[in-house]
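Trainee: I would like to go through this model feature by feature. Please give the general idea before the case.

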Amino acid sequence: MKSFEVNFDGLVGPTHNYGGLSFGNVASQSNSQQASNPKEAALQGLEKMKALMDMGFVQGVLAPQERPDVAALRSVGFGGSDAQVIERAAKEAMPLLVASCSASSMWVANAATVSPSADTADGRVHFTAANLNCKFHRSIEHPTTSRVLGAMFADQDHFAHHAALPAVAQFGDEGAANHTRFCRDYGEAGVEFFVYGRSAFDSRYPAPQKYPARQTLEASQAVARLHGLSDEGVVFAQQNPAVIDQGVFHNDVIAVGNGELLFHHQDAFLNTEQTLAELHSKLAARGANFQSISVPRDQVAVEDAVRSYLFNSQLLTRDNGSMLLIVPEECRANPRVWQYLQGLIASAGPIAEVKVFDLKQSMQNGGGPACLRLRVALNEKELSAVNPGVIMTPALYETLTQWVSKHYRDALRENDLADPQLLIECRTALDELTHILNLGSVYPFQIN
Ligand code: SUG
């Protein structure tokens, strides 16, 4: 049976703004308070989805969330009508209003961890929604994420959904941003690679000093258990704490993998040799020939990787078996990174081509091409069990661009978040979207 890797991209929500909400994420902190352009952000994302579809990849779309999250504001004591909740939060606790308005669900690499059916004990595709509990604005995503994923992958014969892990820092889970799957073919059993930032229960593991390690070893182990992965099918590795302190808040800011290839920075992991050796031997046992490309720090410094998002790229297998790297425009703007990429292509290695996309609106909040997509490897049968409403087609692309043009603002500043009209605009747009994508009722305003 044929199998595919389907990329489900997060559609940017109508409240996309620069709230400066993510301590440890350099771009989020340095662009705080700038005016955003939600319309442009959503169109840039759709452009990437269309380009991948046009290249022949199966492309999906993941819906944004209802913001401001009035229920989250009510849960911390703001009462009255929806408009009064927003007004009171704006007056008394602007940072909480800003957090409740974030369109951060667009970075769907953080929505969930996904294990394909070839890896799991019960032969179903497993999803665990990420609790994202390191940041308040992200911790409020998972209930709606679970409903949206449930509406996209509803068939219980093929798909199993797990609720987010316990909502404490000890089980901090950031989803697929710290998870990569290697395999010979998407439909064959592979090796799932979990990268954590610290251990919550064992003080022998080192931890970063300056910025938070969002993913714990215990969370990664819990996800592997829930998904029914075998010991032979998993590798756990610690991220280098020194790079977290330089702004590598997720492993997908410093490494990306696909098929049999890991493309990573020299300083990405704590015990690099041991980690690569384990990946090599576990993949060999699966009949796969693991390879890695290590980018040396004297060619691309960690700081250049963080600024350019070289590793937050999409590594895709083309029909002829060669690989394509989808990078953000910021890679072309960085002379060292661009020179490295030219050399990489000229080396006649597994990565044959680089394509550049303008994702500036998302990049300014620390979200590159890889953050914007959730990878789901599916065989033909499973693909036909996915809600067809969320699979990108030329007609859906047209409908969604028109939908964005009709409902989205082209400028948003902090003051605008206090406008109760924004909530009405967001709900009107999302109500229409659930019909376009055939999701049913998934938003709090639709089910309460
Ligand atoms: O969690 N930024 C996101 C970026 C997530 C990137 N995802 C991956 N690397 N997979 C975060 O830090 C910033 C929001 C703001 O500041 O307005 C933000 O949430």
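Trainee: How many residues surround the ligand, and which are the closest?

Mentor: A residue is near a molecule if one of its heavy atoms lies within 4 Å of it. Here 22 residues surround the ligand, and the closest are Leu21, Ser22, His137, Asp252 and Cys371. This is a predicted model, in which local features need pLDDT of at least 70 and side-chain atom pairs count only at pLDDT 80 or more, while totals for chains, interfaces and linings use all residues. Residues are numbered from 1 along each chain as its sequence is written, and side-chain values use heavy atoms, with hydrogens and water left out.

Trainee: How do the residues of the shell divide into nonpolar, polar and charged?

Mentor: Ala, Val, Leu, Ile, Met, Phe, Trp, Tyr, Cys and Pro count as nonpolar, Asp, Glu, Lys and Arg as charged, and the others, Gly among them, as polar. By that division the shell has seven nonpolar, twelve polar and three charged residues.

Trainee: Which atom of His137 lies 2.7 Å from an oxygen atom of the ligand?

Mentor: On the His137 side, the partner is a polar side-chain atom. Leu21 instead offers a polar backbone atom, 2.8 Å from an oxygen atom of the ligand. A nitrogen atom of the ligand lies 3.1 Å from a backbone N or O atom of Asn365. Taken alone, the ligand exposes 490 Å², and the protein buries 100% of that (Shrake-Rupley method, 1.4 Å probe).

Trainee: How should I read aromatic pairs, and how many are there?

Mentor: A pair of aromatic rings is described by the distance of the centres and the angle of the planes. Rings of Phe, Tyr and Trp (its six-membered ring) pair if their centres lie within 6.5 Å; planes under 30 degrees apart count as stacked, over 60 as edge-to-face and the rest as tilted. The count comes to 15 aromatic pairs. Phe171 and Phe201 have ring centres 6.2 Å apart and planes at 55 degrees, so this pair is tilted.

Trainee: And the backbone: what is the phi of Gln33?

Mentor: Most residues other than glycine have a negative phi, and most peptide bonds are trans. Gln33, not a glycine, has a positive phi of about 80 degrees. Asn438 also has a positive phi, near 55 degrees.

Trainee: Which residues does a cis peptide bond join?

Mentor: Arg67 and Pro68 are joined by a cis peptide bond, with omega about -5 degrees.

Terms used. Polar contact = N/O pair within 3.5 Å; in protein donor to acceptor, adjacent residues only side chain to side chain.
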